[in-house]
Amino acid sequence: MIPSTSSLTAALQTVAVGAVIYFWMRRKSKPNEKAKPFHVYYGEAISFPFPMKVIGSLPEWIRIPLMAKGSKPSPPRDSIDILGQDSEVDPYEKKLILPGKIWRVRYSYLMSPEFKKAMESLFGNVNAAAITNAPDHLKETLEKDIAAAEKYDTVSEKERAEQGGDSKQDMFIAKINIDGDDNALLIYNPVRLHPQMIDWINTLGEVKFIVSGSSSHTNFLPDAAKQFPNAKIICASAADLKCQGVGMRPADFLYDVVRDKVPKRYSGRGTFEDALEALQGQARLFHIRGDVCTQALFVLVHKHLFEVDLLYVNSDEKLRETEFESGTSIQHSSHRIFHYSLITKNAHPIGYLLPKYRCLMMDPTSLLASKLMIDAPNADGSSCVIMAESLRSALKTLSQDGVCDQVLSSHTHEMSRECFCQKLNETWGWLDG
């Protein structure tokens with residue numbers, strides 16, 4: 001059988017790509033005699049699966065589009081997806097934070113099995129690590145948690161949905177005044193928006209801004225942009241790249257791009273300064289430069305700070321004892337397993353209030369950070385210095401009297417400004433070495 005022209009073309013393309021991969025992997029790096037030791041110890045190196053090594057060996061012009069495609073938004077399922085619109089299990093928990101001004105929406109969903117597999121492929125058996133790292137008074141609790149989690153993994157998706165799901169994420173909504181309209185809304189860290197949630201939001205006002213505070217929190221951003229087509233999108237360039245891969249319109253403002261340093265590929269796009277002007281003084285933005293993993297963005301509105309992906313541990317010790325240690329739901333069990341396998345000091349000596357991968361993603365010698373992320377840390381380790389300076393600058397402003405009264409964190413709970421500043425210092429102090 002004579003192969004067709006199309007099959008020959010495909011074969012030649014395969015050979016060409018294979019040749020590029022082969023010779024790129026075999027290239028010899030030039031020795032760097034001036035290399036200096038990093039001021040930060042990032043922890044022990046970990047081994048990566050062979051496919052990740054292959055992708056990491058590719059030239060940037062091939063690798064970055066592949067990484068964007070591989071990390072494109074993929075929304076997890078929730079009780080409404082599985083049980084239907086008439087389900088009695090409501091994935092939304094609404095709370096009024098500031099009367100007539102700020103609301104919190106806590107959204108529950110089912111964690112993607114792929115996330116669990118990814119964690120285990122990088123860090124091994126998280127269950128065994130959780131028991132090892134847990135304090136003595138909680139080891140029995142962790143054993144019960146693991147048994148509950150293993151049982152939970154065996155039941156049907158419908159049964160898991162009936163339990164409400166195993167993961168949570170917070171969205172914040174603020175009412176602001178734009179062009180004389182005091183019913184304008186700003187959404188920070190959007191979650192899945194089912195019809196009943198859209199209807200409720202519309203009773204509050206008109207959505208004018210959708211803000212993604214982390215380039216790692218993009219699963220729900222394209223849907224929010226679709227549901228509110230007239231809203232302006234503010235996000236990081238990495239989030240924009242990933243979301244356009246699933247058809248989202250280009251973001252209106254890229255907050256990690258500044259006016260005097262606009263890359264050619266972003267010519268004509270709104271910058272950090274443009275976003276501030278569009279907000280007309282109703283909200284302040286704090287981009288944490290150097291945070292290559294999430295490009296974290298704080299938003300300050302009505303003396304309340306919105307935050308995502310910089311804090312993972314609750315600052316309220318009383319709440320921690322009553323809810324974190326004593327909670328009996330599958331969400332509490334999953335949270336404890338995650339915490340003691342990846343966050344505690346026994347799990348990771350530095351940044352021990354962070355998931356282990358957050359530190360790893362700042363390490364310029366790590367394959368994960370240097371080759372498998374859209375935004376890579378600086379090769380000389382200076383991203384840590386830049387991030388530390390950026391955090392200090394934000395904290396200096398937020399610490400001033402009358403600037404910030406309360407902090408709303410997407411991964412924890414509401415806290416005072418003082419607690420937030422203290423916990424942020426404890427969490428990220430290792431950046432200084």
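Let's start at one rung of a sheet: Arg104 has Phe172, in strand β3, as its bridge partner. Keep in mind that this is a predicted model. That rung is part of a longer ladder, since strand β2 (residues 102–109) and β3 are joined by eight bridges and run antiparallel.

Now look at the other pairing of β3. Strand β4 (residues 181–188) is also antiparallel to β3, with six bridges joining the two. One place to check this on screen is Ala174, which sits opposite Leu186 in β4. The connection between β3 and β4 is a hairpin with two residues in between, and in that turn Asp179 takes a positive phi of about 55°. How enclosed is β3, which covers residues 167–178? With 10 of its 12 residues buried, that is, under 20% relative accessible area, β3 is largely enclosed by the rest of the structure.

Next, swing over to the second largest pocket, which holds about 1100 Å³ of space. Its lining draws two or more residues from each of α3 (60–70), α11 (237–244), β8 (284–287), α16 (367–371) and α17 (382–398). The lining counts 43 residues, and those nearest the pocket centre are Ser237, Asp256, His287, Gln295 and Asp375. By type, the lining splits into 21 nonpolar, 10 polar and 12 charged residues.

Last stop: helix α18, residues 417–428. At 1.5 Å a residue, its 12 residues should span 16 Å, and the end C-alpha atoms are indeed 16 Å apart, so the expected length and the model agree. Its buried residues are Arg417, Phe420, Cys421, Lys423, Leu424, Thr427 and Trp428.

Definitions and conventions: Residues are numbered from 1 along each chain as its sequence is written. This is a predicted model: local features need pLDDT of at least 70, side-chain atom pairs count only at pLDDT 80 or more; totals for chains, interfaces and linings use all residues. Side-chain values use heavy atoms; hydrogens and water are left out. Helices (H or I, at least four residues) and strands (E, at least two) are DSSP runs, numbered from the N terminus. The expected span of a helix is 1.5 Å times one less than its number of residues. Buried means under 20% relative accessible area, exposed over 50%, partly exposed in between (1.4 Å probe, protein chains only). Two strands pair if DSSP finds at least two bridges between them. On a 1 Å grid over the protein atoms alone, a cavity is a set of points where a 1.4 Å probe fits but cannot get out, and a pocket is an open set with protein on both sides within 12 Å along at least five of seven lines; lining residues have an atom within 4 Å of a point. Grid points are joined across faces, edges and corners, and a volume is the space filled by probe spheres set on the points. Ala, Val, Leu, Ile, Met, Phe, Trp, Tyr, Cys and Pro count as nonpolar, Asp, Glu, Lys and Arg as charged, and the others, Gly among them, as polar.
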